[in-house]
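Subject: Structure handover

Hello,

Here is the structure for you to look over. My notes on it follow below.

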Amino acid sequence: MAEFFEFKNVSKRFGSIQAVDGVSLEIKRGEFFALLGPSGCGKTTMLRVAAGFETPDSGRVFLDGRDITDLSPNRRRVNTIFQSYALFPHLTVRDNIGFGLQIAKKPKAEIGREVEAMLSLIRLEDQADKKPDLLSGGQRQRVAVARALINKPDVLLLDEPLAALDLKLRQRMLIELDLIHDQVGITFLYVTHDQGEAMSLSDRIAVMNAGRIEQIGPPAEIYEAPRTSFVAAFIGDTNFLEGVVADHPEPEYSRLRIDGLPDVMVYNDKQIADGNKVFLSVRPEKIQISRDRPESKTKRNAVPAVVEDVIYLGPTTKYWVRAGNHRLQILRQHARFFLDEKPIRWKDDVWVFWHGDDGFMLERFRRDDEKLVAAPPQKVGDE
Amino acid sequence: MKRSRFPYIVTGAVLVFFYLPILILVVDSFNASRFGGAWRGFSFKWYVRLFHEPAIWTAARNTLFIALFVTFVSLILGTTSALALHRFAKTRLQRFHYTLIYTPLVVPEILMGISLLMAFVAAGVRLGMLTIVLAHVTFCISYVALVVLGRLQDFDFTIIEAARDLGASSWMATRRVLIPMLAPGLAAAGLIAFTLSVDDFVITFFVAGPGATTLPIRVYSMIKHGATPLINALSTLLLALTFTTVFVSQRLSKSVALEGGQ
Amino acid sequence: MKRLRRRGQEILLTLPSFFWLSLFFLIPTALVFILAFRPADPFGGIGRGWTTATIKGLADPQYLAIAWRTLWVSFLATAICMLLAVPTGYAVARVSERRRNLLLMLVIVPFWTSFLIRVFAWKSILHPEGFIKKILVFLGLVDPGASLLYNLGSVILVTVYTFLPFAILPIYAAAEKFDYRLIEAARDLGARPFEAFRKVFLPGIRQGLVTAVLVVFIPALGSYVIPDIVGGPGSELLGNKIAQRVFVDRNLPLAGGLSIVLILAVLAPLLAVLALQREKSRIEPPPADTES
């Protein structure tokens, strides 16, 4: 499939802040693509560049092979769902939806027909003559979707469209957006800071941080194989362990020497050479915890530890353990393996273990990203 | 926690203080007596006499004519000013511009009156209706600009972006979204300019020439020359007009708010 | 290119009001300062040459007494306005929404009512034959021969009457935004009601108080119509003197000189407020929260 919507080396600076720093992206036709990142990472600027509200300082934007970088917003076949919806308060729902067609000077009969079709798509036929202020949050959101879709844009931009809704409504609208995307087959560029939304809706995700893209890939790849400490820490939760590559007992697997722990095996598809200092990331739910020492198997890493804290979370329990001079978090579901299993308590001696394929060596590590993961509990006054 | 009743008592007293003099004035306008003190029976005679004072009606016509013209000009100047202040907020020019808009509001009227008089005398402009209009526009611009600026600051400009996004050109977005949404603000600003112009006495008194008499100037000379019962009648008419205007404009803004789902 | 167009737009939008206010506000104000150094001509116009006689003439004890009286009357009127406006602004902000709208309208109506009519209403009820006089005489509070009009008291009373709505509105606006849980917190920490009011509420509506003081004090300084209508020869203010020089003996340079005194009197409180606010904005912003 050809690249449909393309950003080439786009940069944008506001005063002293480099909002977007040389970003390149290729989005396929019909794709549901998410830009995911914390607030201030530059994702909204990217969206505004796509819509034409900002002109990049350098770099170009192409839509279907055409350079649209300098095209004003009204001349692009790109429409936006604004975070605040930005419905026109002085117009009825019907006139809001029909606005784009009226501006395009379409015949009245056609506008009427199209608006009715949209109203039935979003199931708001009975609210058509109300002003937007009288609608509920979910209804407003649907009007915003209809108002954009009626113009049959090449790309639909969505700026945190669910952020203003409460949790239950958000879950419903999530399904609805997914259905609409399937029905209309338009390319969606979805900007969000909510990893749940990005994971459940998108075909591919680009994770952004500080104006740059950290990683692009399908949701599972982003989660299972993070390439940078930022991605590992921002999406889900993780443990970071610093070590040195000792040797390669098997092709694609390295033995890692970690200060204060037994050696661990780790999948090494990146061919990091022996002797390099690396960082390992292991997600808490990938680690098992047990009172008994697990049978030893190749690629199974087992480490003795002491439980320092037990936090009950409902569906799961989180254990903080100390292994050597490292603190690890482990997430465990409550389904028991053995019926007579004794619960694990504070100060218990345990074994924690994980498969070599579940750890990842990071290409890029920044100390700052450690702040993004859950910090171990501290006693008051204990710095 | 029990709240003190003192503020509510003061508020009641303040409202009595506000309305008692006005009430007495209205009652007196129907008093057959020449002096307010004693009630000599109900009468419309002062109103009848008022209708036979051509000077008052000429003054009223002048006032209306000036006010309409002033409203129109100051709405244009004040709105462009507010747009500039809002869009280019932080430039050095706009900081100076803002000071220039703001200062006339804190200058006592008499100073503005005397400085304009001196300017007109120095420039050799003949005092009359024209000088009144020029003076009124000068103090109305600031009020219009600040009222419109307030509306612009509350305005959610993503709505303009939404219109642009849906294919509207810059001018179309202004005409179909910005102006309709600013309309209530412009109406409020216009009403303020109109009222200020109709009501102004001090500045007008300084820059009015012979023959250019407005209603407040007429009322002032009647006060000075003791035509008390006639002023009572005229005041009652003006008060009725003011109350209706305030009431209607409140109703209008309330119904707009209701439609908006408040 | 784009920046140039933006600059062009800015100038296009700024020019009309900028030009108008320069021509009819800035230049005329500057002219007051210039013309005060010109001699008067016998026909009520402005003569040739330069003189400092007018400015020196302002040292006349008569003018000094009037300037002092103007300050004093304005101060008293402002103080009374504040004493009435603070409880009223508080009460309007604290009642239920329905009542608040009614009260607000009642406060705003005088605001829209003709200034001259409101002054005149007092002249007729303070009149020797008027309503108040009769009641006071009837109650034995006032001697039948005493005059309620044409003195400093009547000038202050009517000044308060005309400017009070202007003081109530900014105080109400600030009181409406005030978080009243702070008063509960102060009471919880042991403050008596009046202490909570003085130490928590008043500082909380500080901006409204400053605005209220300015909108009463400054116009009161330039007051001319009120002393002219309800005042007497013993209660003339700077404004009356300026108007007399213009309308009675047509000495524009002297009127200009008196205006300069008035301008200085107006600038003093304004600059004081500006200086205070600059002082306040120098206080550092709170540090950013490290946990997030």
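First, a term: a residue counts as buried if 20 or more other C-beta atoms lie within 10 Å of its own. Please also keep in mind that this is a predicted model.

**Helix 5 of chain C**

That cut-off matters for helix 5 of chain C, residues 115–126. The helix is mostly covered, with 11 of its 12 residues buried. The buried stretch takes in C:Leu116, C:Ile117, C:Arg118, C:Val119, C:Phe120 and C:Ala121. C:Trp122, C:Lys123, C:Ser124, C:Ile125 and C:Leu126 are buried too. Note that charged side chains such as C:Arg118 and C:Lys123 are on this list. From its first C-alpha to its last, the helix reaches 17 Å. That is close to the 16 Å expected at 1.5 Å a residue.

**Chain B**

Chain B has 11 helices and zero strands. From the N terminus on, its elements therefore read α-α-α-α-α-α-α-α-α-α-α. The C-alpha trace spans about 70 × 65 × 35 Å along its principal axes. Of the 262 residues in chain B, 44% count as buried. Now look at the contacts in chain B with a separation of 6 or more: 75% of them come from residues 24 or more positions apart.

**How the chains meet**

Which chains share the most contacts? Two pairs of chains touch, and chains B and C have the most contacts between them. Chain A and chain C do not touch. Their nearest C-alpha atoms are 9 Å apart.

Chain B does touch chain A. Here 18 residues of chain B are in contact with 21 residues of chain A. On the chain B side, helix 7 (158–165) and helix 8 (170–199) are the elements that give two or more residues. Helix 7 of chain B gives the most, with six residues. By class, this side of chain B has eight nonpolar, five polar and five charged residues.

**Two domains in chain A**

Chain A is divided into domain 1 (3–224) and domain 2 (229–372). Their centres, taken over C-alpha atoms, are separated by 39 Å. How many residues are in contact between the two domains? Eight residues of domain 1 of chain A meet five residues of domain 2 of chain A. Three elements of chain A each supply at least two residues to the domain 1 side: strand 9 (204–209), strand 10 and helix 7 (219–224). That side divides into four nonpolar residues, three polar and one charged.

**The sheet in chain A**

Strand 9 and strand 10 of chain A also belong to an open sheet of six strands. The strand order is 6-7-8-3-9-10, and the pairing is mixed. Which strands are at the edges? They are strand 6 (78–81) and strand 10 (212–217) of chain A, each pairing on one side only. Neighbouring strands of the sheet are turned by 20° against each other on average, direction ignored.

At one edge, strand 6 of chain A runs parallel to strand 7 (residues 155–159) of chain A. Four bridges join these two strands. For a place to start, find A:Ile81: its bridge partner in strand 7 of chain A is A:Leu158.

Best wishes

Technical notes. Residues numbered from 1 in each chain as written. Chains lettered and ligands numbered in written order. Predicted model: local features only at pLDDT ≥ 70, side-chain atom pairs only at ≥ 80, totals over all residues. Pairing = 2+ DSSP bridges. Axes fitted to C-alpha atoms, helices over the stretch in contact; angles between N-to-C directions. Contact = placed C-beta atoms within 7 Å. Expected span 1.5 Å × (residues − 1). Domains from an automatic or database assignment.
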